[in-house]
Amino acid sequence: MKIQDTMGIKYDQFSTNRRILMGPGPSEVHPRVLNAMATPLIGHLDPQFLDIMDDIKSMVQATFDTRNNMSFVVSGPATTGMETCLINLLEPGDEALICINGVFGERMADMVERCGGVLKSVEAPWGKPIDPEDVRTALRSCKPKVIAIVHGETSTGVLQPLEEIAGLAKSVDALFVVDAVTTHCGVDLRMDDWEIDAMYAGTQKCLSAPPGLSPISMSYRATQAIADRKTKVQSWFMDLSLVQNYWAGSRRAYHHTGPVSAMFALHEAYRMVLEEGLENRYERHERNHLILKEGLEEMGLEFLVEEKYRLPMLNAVKIPDGVDDRKVRKQLLQDYNIEIGGGMGVLDGKIWRIGLMGESSSINHIHMLLSALKKIL
Ligand SMILES: *Cc1c(COP(=O)(O)O)cnc(C)c1O
């Protein structure tokens, strides 16, 4: 039934196609997770909800592989987690060294400047990892409080090795901040072993929950840096000294209304990750990436990134000469209900970004895409 407003504009009930999600996120969501999300609401301070939050905290610790007490979920997409980490750790005048080799490194750099930080950067061409030697060189001329880097650059398909740069951060007593949005629950990532001080993730990539939440964790050193701040965090909403009262402690005070339904979904999505087992999940992402790679290469398509730095969950392939990027993606969506991603920034029109994330990392997805692409090309 169409509903009409006082201006005569009519609103039909929306209807969407059943899409096959193989872009850079959101990935597909299992019916168990969708069912959990449809659970009738309870209050966001209901003791039963607080129990669910406690479970989620503990599942964030398990999947980040950390014992950090300050591990929870901020309300907002993964960009909220990024901004929460940076603006809580940086005060005006503090130096931050940001590693930039794609869209998300650039986003972090922009945030540093907006919160009054002094931006230093190390860059690599899009499609290449950051070279630890360049970080070492940069550290000769600055003394950053924070060094930040993206583990999986979703805009280019690069998997960044972290351990050497973590060691450099430690050697100059800087806090090491890692963007794990794409890699969380998709490739090996160990927050404590690799001495990461602040890490944030997303829900709509390899975790396969709906978008809108961001799991984060802070090391003891990071929480000390927050406690030692001389100025207030500019954002009231993202000030962790306030947010943590809702997630931890005995009071569990109101801060903002927690997104109850999204958290129901996240709880079930994390349970499914643990049920599969992290190692098995990493292995599945790697295996399916290799199957897709073989199929794409048989069709003559080439990857953007050198083999050993490829993200298994985000396959960046070069668009062949003479092929119209937008036409192909439109056809995939219209005729086959398949969504893949296009390139961003300097890679616009040059690559396709094929996601094999979480529920979307399956042999069936690979076959559906390969046969559709064969028909279209
Ligand atoms: C998707 C993504 C983000 C941003 O996530 P949103 O949920 O869109 O805010 C940040 N970093 C990386 C590496 C991503 O892939």
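This is the transcript of a short presentation on one protein model and the ligand it holds.

Good morning. The structure before you is a predicted model, and I shall begin with the ligand before turning to several individual residues.

What surrounds the ligand? Its neighbours are Pro77, Ala78, Thr79, Phe104, Val150, Gly152, Thr154, Asp179, Val181, Thr182, Gln204 and Lys205. Sorted by class, this shell comprises 5 nonpolar, 5 polar and 2 charged residues. The ligand occupies the second largest pocket.

Three of these neighbours deserve a separate word. The side chain of Thr79 places an N or O atom 2.4 Å from an oxygen atom of the ligand. For Thr154, a polar side-chain atom is found 2.3 Å from a ligand oxygen. In the case of Lys205, an N or O atom of the side chain is 2.7 Å from an oxygen atom of the ligand. How much of the ligand does the protein bury? On its own, the ligand exposes 380 Å², and the protein buries 88% of that area.

I now move to the loop that holds His184 and Cys185. His184 is located between strand E10, residues 175-179, and strand E11, residues 198-200. Is His184 buried or exposed? With a relative accessible area of 2%, His184 falls under the 20% cut-off and is therefore buried. The side chain of His184 also forms a polar contact of 2.8 Å with the side chain of Tyr270.

Cys185 belongs to the loop between E10 and E11 as well. Its relative accessible area is 1%, so Cys185 is classed as buried. The backbone of Cys185 merits attention too: although Cys185 is not a glycine, its phi is positive, at about 70°. As background, most residues other than glycine have a negative phi.

Another residue with a positive phi is Asn337, where the value is near 60°. Asn337 is situated in the loop between helix H11, residues 325-336, and strand E14, residues 338-339.

A further backbone feature appears at Pro26. Which form does the peptide bond from Gly25 to Pro26 take? That bond is cis, and its omega is near 0°. In general, most peptide bonds are trans. Pro26 sits in the loop between strand E3, residues 20-21, and helix H1, residues 31-37.

Let us finally consider three residues that lie in helices.

The first example is Glu275, in helix H9, which spans residues 260-276. Glu275 has a relative accessible area of 55%; the cut-off for an exposed residue is over 50%, so Glu275 counts as exposed. Its side chain is joined to the side chain of Arg32 by a polar contact of 2.9 Å. Glu275 and Phe72 are separated by 203 residues in sequence, and their C-alpha atoms are 20 Å apart in space.

The next example is Lys293, within helix H10, residues 278-298. Why does Lys293 count as buried? Its relative accessibility is 16%, and because buried means under 20%, Lys293 meets that condition. From Lys293 to Val317 there are 24 residues along the sequence, and the distance from C-alpha to C-alpha is 9.5 Å.

The remaining example is Gln224, which is part of helix H7, residues 220-227. Its relative accessible area of 32% lies between the cut-offs of 20% and 50%, so Gln224 is described as partly exposed. Gln224 and Leu89 are 135 residues apart along the chain, while their C-alpha atoms are separated by 9.6 Å.

To summarise, the protein buries 88% of the area that the ligand exposes when taken alone. His184 is buried, and so is Cys185. Glu275, by contrast, is exposed, whereas Gln224 is partly exposed. Thank you for your attention.

Notes:
Residues numbered from 1 in each chain as written. Predicted model: local features only at pLDDT ≥ 70, side-chain atom pairs only at ≥ 80, totals over all residues. Heavy atoms only, no water. Near = heavy atom within 4 Å. Polar contact = N/O pair within 3.5 Å; in protein donor to acceptor, adjacent residues only side chain to side chain. Areas by Shrake-Rupley, 256 points an atom, 1.4 Å probe, with all protein chains shown as cover. 1 Å grid on protein atoms, 1.4 Å probe; cavity = no way out; pocket = protein on both sides within 12 Å on 5 of 7 lines; lining within 4 Å. Sits in = over half its atoms within 2 Å of the grid points. Nonpolar A, V, L, I, M, F, W, Y, C, P; charged D, E, K, R; others polar. Helix = DSSP H or I, 4+ residues; strand = E, 2+ residues; numbered from the N terminus. Buried < 20%, exposed > 50% of the residue type's maximum accessible area, 1.4 Å probe, protein only.
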